[in-house]
Amino acid sequence: MSTVRIPPLLRARVGGTKQVELPAGTLGEVLDALASAYPVLRSLLFAEDGTLARGFRAFVDSRDARLTGGLSTPVEEHDLVVILPATGGGGGGGGA
Amino acid sequence: MAKSYSVLLAEARAEVPELTPAEVDRLLVASPDVALVDVREASEWERAHIPGAVHAERSHLERDIEAAVPDRSRRVVLYCAAGIRSLFAGQTLRAMGYADVASLAGGFEAWVGRGLPTTAPAVLTDAQRLRYSRHLLIPEVGADGQARLLESKVLIVGAGGLGSPAALYLAAAGVGTLGIVDFDVVEASNLQRQVLHATDRIGTKKVRSAAATIAALNPDVRVVGHEEVLGPDNVDRLIAGYDVVVDGTDTFETRYTLNDAAVAAGIPVVHASVFRFEGQLTVFRPHEGPCYRCLFPAPPPPELAPGCSVSGVLGVVPGVMGLLQATEVLKLLLGIGDPLVGRLLLYDALEGSFTELRFRRDPTCPVCSDAAVEARAAGR
């Protein structure tokens, strides 16, 4: 099994779940399994063309999946998949 | 039997070979691994010394040499002012097991007399020596590094949750010029995390509040306040002349504007962002590593991009992240360590964990790719 870390930004939509264990496979398969477990995530994580939605990056075993085959990136047993959302907060900073 | 000074000196000469300034000069060029150790007093070292030398004054030589030259098999050349103290110091090192020790004949005076190069450490005032004494004790900073910090210019965009701790510690560290961009006024709800400000400054412009706090902390620091909104029309002017920019903003729009201008100007940006209990940190060093658009080509949809005023944030989280930003700034300014270029640090306060993620430049990046740089140069 692989471990998928759900970012804090999305946790409220999945009942506070922080991480889930999902069968290894490709990154696309793992994220699809995640979206099947939590259907509310599907439209957030995936763009209409099936790629990862804008504002999100995925890392497999600490490496940017875009460099290792995108959604085809192999996810091995015990790998950690990190879904990283762009976070804008600066603790309140003005400047914009 | 008691020995006279002349006997002791003769014994030292017999035990420790002497090299002329020309020989030492050639040796340093031919064998960069030679450890050149200045055993004079600190006041003599501070006036001038031989480039590349390390300082371990004779009065503390036994204590300090193991840190300065841990490898006892390394070749060591000692020098003092005239070549006497270094001979006796050489005997000490041999007794401590240093196998290959020599002394510069005629010392620093002979070196200077031959017209060989010297370097003078940066001059700090007595007050600065006291204020920054803990920095001066670190070899990676020292007087030269401290002087570099005092000459450095850092722009902090946003005097908020991230900018507050970053500004405080950069000011304390003696970064000579701190530019601060913020158009807001201090509000009561800021004070749970924005430690630059104070209760009696509610309603005051944040830039002025920040300047007052920093002036009280460190009069060495010049604060340049910019009470304006950073946007496409003024970003080039605002960041011009700064060595590093701290991104402490709270909107994607500003982050992209800042990124694009900083890449074009070749100025590194130390980036952090926070959400409730979590923070992200990385360093965007133009053309040496990825930029913000390489990491996130486009912002998330608005429903997934709440600011702290909507989602809330544990006050210490921007504190932690802002201090990590200040740390990365100091590393960049001093040229030490491994800046977080192409690496993103994810801090989870609830878990008490840091996760490091690695990413690279996007060859198709519309801002920092080679094609984008060429297009900019061509005015396209």
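Trainee: Looking at where the two chains meet, how many residues does the contact take from chain B?
Mentor: Keep in mind that this is a predicted model. Chain A puts 25 residues into the contact. The number from chain B is 51.

Trainee: Which elements give two or more residues to the side of chain B that touches chain A?
Mentor: Two of them are helices, H13 (252–265) and H15 (308–311) of chain B. The others are strands of chain B: S10 (269–275), S11 (278–284) and S13 (353–358). The full set is therefore H13, S10, S11, H15 and S13, going by DSSP runs numbered from the N terminus.

Trainee: And by class, how many residues on that side of chain B are nonpolar?
Mentor: Set aside the 15 polar and 12 charged residues on the side that touches chain A. What remains is the nonpolar class, with 24 residues.

Trainee: How far does the predictor back this up, and what is the mean pLDDT of chain B?
Mentor: The model as a whole scores ipTM 0.91 and pTM 0.80. In chain B, 99% of the residues reach a pLDDT of 70 or more. The mean pLDDT of the chain is 94.

Trainee: What share of the residues of chain B count as buried?
Mentor: Chain B has 380 residues, and its secondary structure comes to 17 helices and 13 strands. Its C-alpha trace spans about 90 × 50 × 40 Å along the principal axes. The share of residues that count as buried is 44%.

Trainee: Let's go inside. Which residues have the most contacts inside the largest nonpolar core?
Mentor: That core holds 91 residues, and helix H16 (residues 316–334) of chain B gives the largest share, 9 residues. One of the two best-connected members touches B:Ile156, B:Leu178 and B:Ala210, among others, leaving aside neighbours within four places in sequence. The two residues are B:Ala167 and B:Val245.

Trainee: How many residues are in the second, separate core?
Mentor: Among its members are B:Ala35, B:Leu36, B:Val76 and B:Phe108. The count for this second core is 28.

Trainee: Is strand S7 of chain B mostly covered or mostly open, and how many of its residues are buried?
Mentor: Strand S7 covers residues 177–181, and it is mostly covered. On one side it pairs in parallel with strand S6 (residues 153–157) over 5 bridges, and there is also a parallel pairing with strand S8 (residues 222–226), again over 5 bridges. Of the 5 residues in S7(B), the number buried is 4.

Trainee: Which residue in S8(B) is the bridge partner of B:Val181?
Mentor: B:Val181 belongs to S7(B) and also stands opposite B:Val157. The chain path from S7(B) to S8(B) takes in helix H11 (residues 206–217), making a right-handed β-α-β unit. Across in S8(B), the bridge partner of B:Val181 is B:His226.

Trainee: Now the open sheet of 5 strands. What is its strand order?
Mentor: The pairing in this sheet is parallel. Its edge strands are S1 (18–19) and S3 (54–55) of chain B, each pairing on one side only. From one edge to the other, the order is S1-S5-S4-S2-S3.

Trainee: Which residues of S4(B) are buried?
Mentor: Strand S4 (residues 76–79) runs parallel to strand S2 (residues 35–38), with 4 bridges joining them, and pairs in parallel with strand S5 (residues 101–104) over 3 bridges. Both faces of S4(B) are covered. One side has B:Val76 and B:Leu78, while the other has B:Val77 and B:Tyr79.

Trainee: Which residue in S5(B) does B:Leu78 stand opposite?
Mentor: In the pairing with S2(B), the bridge partner of B:Leu78 is B:Val37. On the S5(B) side, B:Leu78 stands opposite B:Ser103.

Trainee: One last residue: is B:Ala48 buried, partly exposed or exposed?
Mentor: B:Ala48 lies in the loop between helix H3 (42–47) and S3 of chain B. Counting other C-beta atoms within 10 Å gives 14. A residue needs 20 or more to be buried and 12 or fewer to be exposed, so B:Ala48 is partly exposed.

Definitions and conventions:
Residues numbered from 1 in each chain as written. Chains lettered and ligands numbered in written order. Predicted model: local features only at pLDDT ≥ 70, side-chain atom pairs only at ≥ 80, totals over all residues. Contact = placed C-beta atoms within 7 Å. Nonpolar A, V, L, I, M, F, W, Y, C, P; charged D, E, K, R; others polar. Core = buried A, V, L, I, M, F, W, Y, C linked by C-beta atoms within 7 Å. Pairing = 2+ DSSP bridges. Right-handed = clockwise from strand over helix to strand, strands pointing away. pLDDT = per-residue confidence, 0-100.
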